[in-house]
Amino acid sequence: MKMKSQATMICCLMLFLSTECSHYRSKIHLKAGDKLRSPEGKPKTGRIQEKCYGPCISSSNCSQPCAKDFRGEIGFTCNQKKWQKSTETCTSLSVEKLFKDSTGASRLSVAAASIPLHILDFRAPETIESVAQGIRKNCPLDYACIIDVVKSSEMTSGNIAFIVELLQNISTDLSDDVTREKMKSYSEVANHILDTAAISNWAFIPNKNASSDFLQSVNLFARHLHIHNKSENIVNELFIQTKGFHINHNTSEKSLSFSMSTNNTTEDILGMVQIPRQELKKLWPNASRAISIAFPTLGAILREAHLQNVSLPRPVNGLVLSVILPERLQEILLTFEKINKSRNARAQCVGWHSKKRRWDEKACQMILDIKNEVKCRCNYTSTVMSFSILMSPKSMTDKVLDYITCIGLSISILSLVLCLIIEATVWSRVVVTEISYMRHVCIVNIAVSLLTANVWFIIGSNFNIKAQDYNVCVAVTFFSHFFYLSLFFWMLFKALLIIYGILVIFRRMMKSRMMVIGFAIGYGCPLIIAVTTVAITEPGNGYMRLEACWLNWDNTKALLAFAIPALVIVAVNLIVVLVVAVNTQRPSIGSSKSQDVAIIMRISKNVAILTPLLGLTWGFGIATLIEGTSLTFHIIFALLNAFQGFFILLFGTIMDHKIRDALRMRMSSLKGKSRAAENASLSPTNGSKLMNRQG
């Protein structure tokens, strides 16, 4: 009877444990995105309430509890008279649940009824207080005991936050000896919350630094990874891949390539990490390791810390590539295939600064940007270990400025051609004195320089560096630089002529000497600056930008060879305009108001005429260089300089009364000649000659 009661007790106990175990499994073995179901198979409701039911007052908050099987709550904020979800902490995971299936009691089945009672230990299992303790006890070699529970959990914001903290704890407490097996288990857990289905739920995690903490934890864990073979593909999950190889100072240039999809439907996106040979020479003879991790979806998850004057979020347009290198290596080359391959999708190479928790533009420099891919040169440090490219699509502002530039250049080129035609037509009638001769020489050379510079600018804007010859692009950059400088130096010479005309009254310089000085300043100085710039910077491939045929700024600051002379000349010419304005004023004693108005009008006219001819409109370029400058300054700068050719035609040629008089005289003489020809053809003498020929 006693034996029967013992058997009955054991059977009841086993049945209870089996039922509890199966009930637990029914809760955790769910596909991503599935709703919890009751034993009858009906979906459980109430896990996430769509809204609050109280009155929605602007900026007010409310919260709703999670479902019975979840801990936490869902927060809502009233926005435009509608409740919108702002935070969610619903989680079904806990340290206890992670290791519940690993305890001896939960592993028992009905078959255990045959086990003698004295062998069974009915004492309560040891309480597991931390992740590290649970892993050390149950799966210290591969961390595999936590995978099933994590992968079967729903991807709620609360569960994602729990898994991020789980990975942080592993990286902090269990990363002393990371093997291939541990890295694979760690990556399987990370892969679960990197799934495209989880991306939207990251936004509702109350801790806004969760994504940055996650990336830092992965990098920290991978830093302690041991590599046994020369080259290894360590992890090959859908949303995280890890590769590594051994390197030393004798290793030739090494690279790691990745091919991953951002979701299940799109084509794979490529990424590559290269370590240049000159960097590998810095290593010691003994072997070191290089590890790289690729994330196709992390770019959409990473949340930047707020930064003034930077609009967030800034979309990532490629893989996120993390790199773990020896401390002596500092420079790497990275190639990213663009996700968005649109022509307007301009790229910016960046590195993730783990302390500032944002993308850092200073960490990388762009080497190449074509339609499909971007190549970056980046500096690797302990705080910047992850890299990618940001998409900077052309905004409406860029398009407006492009349209202004395109239309303005077209009108300017036509205006400059017309200006040169007019100057050629009236030349003999307007160059009667040395000063007038040199004035028109200046206008002609200003027009020729600007016209030629605009043509080279158009050629450079449409030049594809990748598809066409590099040396041709160098030539385009040189001639653009030279003719834009010539424009400014001829404007400087014109300003000096104006000062000469005002200050020197009785003594005049010979025309030939003035011509020599004019051409020495107008073409000689620009030639010296342009040749010196290309001679100094081109041997190191630092003369021009690699993404455009124009002077380099990032590496050699070659652009200063244009900016400094141009801004100095603008400043000098501004002083000349002020001198002209003061000289024009000179009011007489007892002058009337009408005379004062006439003086003001004369000053305004002189300033209006001299401003485009002396290049003062380029002064607005200083304002556009300042960060956060209003769009108005950019539009004004684009309008004034794109239409500079038209202004030269208007103020330098058409508004000159001597040129207008010469044009009228030219037109009158042409009309007189045409009438004389008509009269001659209709005269009786010609008529008799014609009759004689016919006879």
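**Figure 1. Strands β1 and β2 run antiparallel, joined by 5 bridges.** Strand β2 spans residues 73-79. Asn-61 stands opposite Thr-77 of β2. The model shown here and in the other views is predicted.

**Figure 2. Strands β1, β2 and β3 form an open sheet.** The sheet has 3 strands in the order β1-β2-β3, and their pairing is antiparallel. Its edges are β1, residues 61-65, and β3, residues 82-88. Each edge strand pairs on one side only. From one strand to the next, the twist averages 35°. Asn-61, the residue opposite Thr-77, can be used to find the β1-β2 pairing in this view.

**Figure 3. The largest nonpolar core of the chain holds 91 residues.** Three of them touch the most other members: Ile-170, Trp-202 and Phe-214. Helix α5, residues 157-173, supplies the largest share of this core, with 7 residues. In soluble globular proteins, nonpolar side chains tend to be buried together.

**Figure 4. Ile-170 is shown with the residues it touches.** Leaving aside residues up to four places away in sequence, Ile-170 touches Val-131, Ile-135, Tyr-143 and Ile-146. Ser-175, Tyr-186 and Phe-221 are also among its contacts, with that exclusion in force. Ile-170 is one of the three residues that touch the most other members of the 91-residue core.

**Figure 5. Another nonpolar core, of 62 residues, lies apart from the largest one.** Its members include Ile-443 and Cys-473. Phe-483 and Tyr-523 also belong to this core.

**Figure 6. Asn-641 sits in helix α18.** This helix covers residues 631-642. Is Asn-641 buried or exposed? Its relative accessible area is 12%, and buried means under 20%, so Asn-641 is buried. Not counting residues up to four places away in sequence, Asn-641 touches Thr-617 and Trp-618.

**Figure 7. The whole chain, given as context for the close-ups, has 695 residues.** Its secondary structure comes to 21 helices and 15 strands. Buried residues make up 43% of the chain. Among contacts with a separation of 6 or more, 70% join residues 24 or more positions apart. The accessible surface is about 37,200 Å². Carbon and sulfur atoms account for 59% of that surface.

Key:
Residues numbered from 1 in each chain as written. Predicted model: local features only at pLDDT ≥ 70, side-chain atom pairs only at ≥ 80, totals over all residues. Heavy atoms only, no water. Pairing = 2+ DSSP bridges. Helix = DSSP H or I, 4+ residues; strand = E, 2+ residues; numbered from the N terminus. Axes fitted to C-alpha atoms, helices over the stretch in contact; angles between N-to-C directions. Buried < 20%, exposed > 50% of the residue type's maximum accessible area, 1.4 Å probe, protein only. Contact = heavy atoms within 4.5 Å. Core = buried A, V, L, I, M, F, W, Y, C linked by side-chain atoms within 4.5 Å. Areas by Shrake-Rupley, 256 points an atom, 1.4 Å probe, with all protein chains shown as cover.
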